[in-house]
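Colleague: Please choose one part of this model and take me through it closely, residue by residue where that helps. I would then like to see how that part sits within the whole.

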Amino acid sequence: MRFFIGDKEKIIVKRLHGGDKSAMQDFYTLYADYLASVCARYVDNDDDLKDVLQDSMVKMLTGIGQFDYRGPGSLQAWATRIVVNQSLSFIKRKRTAAIVSLDIDLPDEPEKDDPPIDHIPPEVIHQMVRELPTGYRTVFNLYVFENKSHQEIAQLLGIKRDSSASQLHRAKNMLAKKIEQYNKTNLAQ
């Protein structure tokens, strides 16, 4: 999803670089909803989400001078990276215990086939992801949305590579169960 393309994005970057105060408001207005949805992938509490998003916006607006426009979508990509990094920093500070290193061998459930999701509204799927335990949700989002490898996730979160893979597996199984339950409840009607 791109909110600004081509010359429009380039213009807002120039305005921001020039210190135009109204450009800061325009940037916030245009990107706040999208960036809030990115943040919500990682932060499940709405008050915490607002704090992380505010910290992210401050970091973006104070660091905009170092941003180098590289074409359509580069501003959004840069802002997204900042929100993801701020979200991960928040998780590390507030919920270190939630991202556990699974050093012991716990029995894994066999991987479930992906249940059908075509008829499930995106906001319902999003809420299901938000309801995952913090560690599972974080690994799932980094793997699925940020295209990080298990090695990269392990380095970002300070866990073992196998813990990342295990938490992704468990997150997928939990989501599959939630989707199956949703399908049973809503398709039976």
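Modeller: I would begin with asparagine 147, which has a relative accessible area of 62% and is exposed, because the cut-off for that class is over 50%. The model is a predicted one, and what follows should be read with that in mind. Asparagine 147 lies in the loop between α6 and α7, and although this residue is not a glycine, its phi is positive, at about 55 degrees. As background, most residues other than glycine have a negative phi.

The helix that leads into this loop has quite another character. Helix α6, residues 134-144, has nine of its eleven residues buried, so it is largely enclosed by the rest of the structure. The buried residues are Thr134, Gly135, Tyr136, Arg137, Thr138, Val139, Phe140, Asn141 and Leu142, a set that takes in an arginine and an asparagine as well as side chains such as those of Val139 and Phe140.

Leucine 142, which belongs to helix α6, is a good residue from which to look around. Its relative accessibility is 0%, and leucine 142 therefore counts as buried, the limit for that class being under 20%. Once its neighbours within four places in sequence are left aside, leucine 142 touches Tyr42, Val84, Leu88, Asn147, Lys148, Ile153, Leu156 and Leu157; the buried leucine is thus in contact with the asparagine of the loop. Leucine 142 also brings together distant parts of the chain, in that its C-alpha atom is 9.4 Å from that of arginine 41, although the two residues are 101 apart along the chain.

On the far side of the loop comes helix α7, residues 150-157, whose axis lies 10 Å from that of α6, the two packing at an angle of about 135 degrees. At that angle α6 is oblique to α7, and the crossing of these two helices is right-handed. From α6, the residues Thr138, Val139, Leu142 and Tyr143 take part, and they meet His150, Ile153, Leu156 and Leu157 of α7. Sorted by type, the residues of this contact comprise six nonpolar, two polar and no charged.

A second helix pair, elsewhere in the chain, can be set beside this one. Helix α2, residues 21-40, and α3 have axes that come within 10 Å and cross at roughly 135 degrees, and α2 and α3 are therefore oblique to each other, in a crossing that is right-handed. Here Met24, Phe27, Tyr28, Ala32, Leu35, Ala36, Cys39 and Ala40 of α2 meet Leu49, Val52, Leu53, Met57, Met60 and Leu61 of α3, and the contact is made up of 14 nonpolar residues, with no polar and no charged ones. Helix α3, residues 46-63, also holds serine 56, which at 0% relative accessibility counts as buried and which, apart from neighbours within four places in sequence, is in contact with Ile82, Val83 and Gln86.

As for the whole, the protein has eight helices and zero strands, and 42% of its 189 residues count as buried. Among contacts with a separation of 6 or more, 75% join residues 24 or more positions apart, and the pairing of leucine 142 with Tyr42 is one example of a contact made by the residue examined above. The accessible surface comes to about 10900 Å², and carbon and sulfur atoms account for 51% of that area.

Terms used
Residues are numbered from 1 along each chain as its sequence is written. This is a predicted model: local features need pLDDT of at least 70, side-chain atom pairs count only at pLDDT 80 or more; totals for chains, interfaces and linings use all residues. Side-chain values use heavy atoms; hydrogens and water are left out. Helices (H or I, at least four residues) and strands (E, at least two) are DSSP runs, numbered from the N terminus. Buried means under 20% relative accessible area, exposed over 50%, partly exposed in between (1.4 Å probe, protein chains only). Contact means heavy atoms within 4.5 Å. Axes are lines fitted to C-alpha atoms, for helices over the stretch in contact, and angles run from 0 to 180 degrees between N-to-C directions. Angles under 35 degrees count as roughly parallel, over 145 as roughly antiparallel, 65 to 115 as roughly perpendicular and the rest as oblique. A crossing is left-handed if the near helix is turned anticlockwise from the far one by less than a right angle, and right-handed if clockwise. Ala, Val, Leu, Ile, Met, Phe, Trp, Tyr, Cys and Pro count as nonpolar, Asp, Glu, Lys and Arg as charged, and the others, Gly among them, as polar. Accessible areas come from the Shrake-Rupley method with a 1.4 Å probe; for residues, only the protein chains shown count as cover.
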